[in-house]
Amino acid sequence: MFRPLELFVGLRYTRAKRRNQFISFISTVSIVCIAISVTALITVMSVMNGFDNELRTRILGAISHATVSGLPGENVQDWSRAVQIAEANPHVQGAAPYVESQAFLQARRPSGALVRGIEPAMEPKVSDIDKHMVEGKLTDLVPGEWNIVLGRELAMTLGVNVGDKVTMAVPEFRATPMGSVPRLRGFKVTGIFELGMQEFDSGLALVNMSDAEKLNGLDGPTGIRLRLDDLFNARPVARELANELGQVYKVDTWMDSHANFFSAISMEKKVMFIILSLIILVAVINLISMLMMLVTDKQADIAILRTLGSTPRSIMGMFMVQGVLVGFFGIGFGVGLGSLLSWRLPQIVKWIEHTFGVTFLSPDVYYISELPSKLQGSDVGWVALVTFLFSLLATLYPAWRASRTQPAQALRYE
C-alpha cells in the first residue's frame, strides 16, 4: 500500500461501524458543534466588517480622505495652483476648496453648527453629500443669493424646512458705534441632506464658498479637500503632497481626525474574535471526549497493533487522524454555512422583519437601519486555521494515552 499505515488505519476506524453507538453520536455532535461555532464566528465577523465599512463610507463621504490647509490662521495661498498640483498626483481622484467655520444659527430655536462653504460644482468630486439630499440640491447654493443647506436633524432642531429663513452669526466681529458685534446674515434654506451620521446630520450646514468668504471676511478658502483612489494610502499621499506643495501648506488625513474611532472598531473586532474563539474551544472539548471513549473502546485493537510491531508514535498518529478528520468535516460545514449566511444575511433579516413584523434596527434609534454584512476571505481563513489548530491540539492527549497502552494488560481479559 502506498498510503501511510497511520492514515490507512485512521480512515478505516472512521468509516467502520462501531460497537459503541454512543461514540458515533458524540462524534456527530462534535462535528455539529464545531460547524455551528465556525458559522457563528464567520457571521459575527462579517457583520462587524459590514458596520465598519458602512461607518467608514458615511464618515468619509462627508469629511474627505485628505485635507490641504494653510498655516494656522491663514488662508490657502494660490489655491488654484494647489488644486492643480494635488490633481496631478495619480492617487488623487478629486479636489475641491472649502471655507469652514463655527457659527450660531437662529430660527424658531437656536443651535450651533459647523458651516462649510463649498463650490457646488466641485463638491461631488470629494464627498457624497449630493447623493444624500432629502430635499433640494447642492447646485441651489448660488453665489450672492445667500442660500443654505442643512443636515436633517439640524433643520429639525432649528424648526425649519425648505423655504424658511435662518439667521447666522459668525465669530467675526465688526466695529460699530455700539461696540464690537458679531457678523449677522440671513440665509434661505434651499436643501436638506441626511448622511445617517449624527455628527453631520445634527451639526453641519453648507453654503456657497463665496458667501462664506464674505461673511467671515476672508479672501480665499481655508483648505482644499481631496478624495483618493485608496483611502488607506492617505498618509503616503499626504507626505508626497506636502513635499510638492511646500512649507506654507499643511496636509492632514482622515486617519488623523478619526483615528481613535476606527481604532476602537478594529480593537472591538479583535476582542470579539478572541471571545468567540472560546466557543470553538468549548466545541472541541466534545472532540476530546469522543477520542477518549474511542481509545477505551479500541484497547484490544491497539494492543494487537502493538504486538504486530506498531510503534507508539504510529498509534498516536492513527487517533490523531480521526480527530483531525472530525475537525475537517466541522470546519468544512461551518465555512460553507457561515459564508452562505454572511452573504445572504441582509436579505434574511429583511425577510424575518417582514414576516414576523419586528424591527431589529429601528431608524428612529439607529442611524444604520439595515444590518450590513461584508464577507472577507482573510477572516474565513483565520477562523478555519484557528479551528484546525484547536482540533489538532485536542487530539494530542487522547492519542498520547492510546500510545501508552500496554499490550499485556489490554489483552489480559480478552
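**Exercise 1. Find which residues of the largest nonpolar core touch the most other members.**

Step 1. Begin with the term: a nonpolar core is a set of buried Ala, Val, Leu, Ile, Met, Phe, Trp, Tyr and Cys residues joined through side-chain atoms within 4.5 Å, where buried means under 20% relative accessible area, exposed means over 50%, and partly exposed lies in between, with a 1.4 Å probe and protein chains only.

Step 2. The largest nonpolar core holds 41 residues, and of these Leu 206 and Leu 226 touch the most other members.

Step 3. Not counting residues up to four places away in sequence, Leu 226 touches Ser 64, His 65, Ala 66, Val 68, Ala 86, Val 92, Gly 94, Ala 95, Val 126 and Leu 241, a contact being heavy atoms within 4.5 Å.

Step 4. Apart from this core there is a second, separate one of 23 residues, which includes Ile 148, Val 166, Ala 205 and Ala 212.

The model behind these exercises is predicted, so that local features need pLDDT of at least 70 and side-chain atom pairs count only at pLDDT 80 or more, while totals for chains, interfaces and linings use all residues. Residues are numbered from 1 along each chain as its sequence is written, and side-chain values use heavy atoms, with hydrogens and water left out.

**Exercise 2. Explain why strand E8 is described as largely enclosed, and identify the strands joined to E8.**

Step 1. Helices (H or I, at least four residues) and strands (E, at least two) are DSSP runs, numbered from the N terminus; the chain has 13 helices and 10 strands.

Step 2. Strand E8 covers residues 204–208, and because five of its five residues are buried, E8 is largely enclosed by the rest of the structure.

Step 3. Two strands pair if DSSP finds at least two bridges between them. Strand E3 (residues 110–118) runs parallel to E8 and is joined to E8 by five bridges, with Leu 114 standing opposite Leu 204 of E8.

Step 4. Strand E5 (residues 147–151) runs antiparallel to E8, and three bridges join the two; here Leu 150 has Ala 205 in E8 as its bridge partner.

**Exercise 3. Work out where the partners of three salt bridges lie, and whether they are buried or partly exposed.**

Step 1. A salt bridge is a side-chain nitrogen of Lys or Arg within 4 Å of a carboxyl oxygen of Asp or Glu, and a search of the whole structure finds eight of them.

Step 2. Glu 87 and Lys 125 meet through their side chains at 3.9 Å, N to O. The pair links distant parts of the chain, 38 residues apart, with Glu 87 in helix H3 (residues 79–88) and Lys 125 in the loop between E3 and strand E4 (133–135). Glu 87 is partly exposed at 36% relative accessible area, and Lys 125 is partly exposed at 38%.

Step 3. Arg 116 forms a salt bridge with Glu 100, the closest N and O atoms being 3.0 Å apart. This pair links Arg 116 in strand E3 with Glu 100 in strand E2 (residues 92–106), 16 residues apart. Arg 116 is buried, with a relative accessible area of 4%, whereas Glu 100 is partly exposed at 32%.

Step 4. Arg 225 and Glu 123 meet in a salt bridge at 2.5 Å, N to O. Arg 225 lies in strand E9 (residues 223–228) and Glu 123 in the loop between E3 and E4, so this pair ties together parts that are 102 residues apart in sequence. Both Arg 225 and Glu 123 are buried.

Step 5. In addition, Asp 128, Lys 131 and Arg 227 are joined into one network by salt bridges that share partners.

**Exercise 4. Describe the surroundings of Tyr 249.**

Step 1. Tyr 249 has its place in strand E10 (residues 249–253) and is buried, with a relative accessible area of 9%.

Step 2. Although Tyr 249 and Val 76 are 173 residues apart in sequence, they are 7.3 Å apart in space, C-alpha to C-alpha.

Step 3. Leaving aside neighbours within four places in sequence, Tyr 249 is in contact with Val 68, Ser 69, Val 76, Gln 77, Asp 78, Arg 81 and Ala 82.
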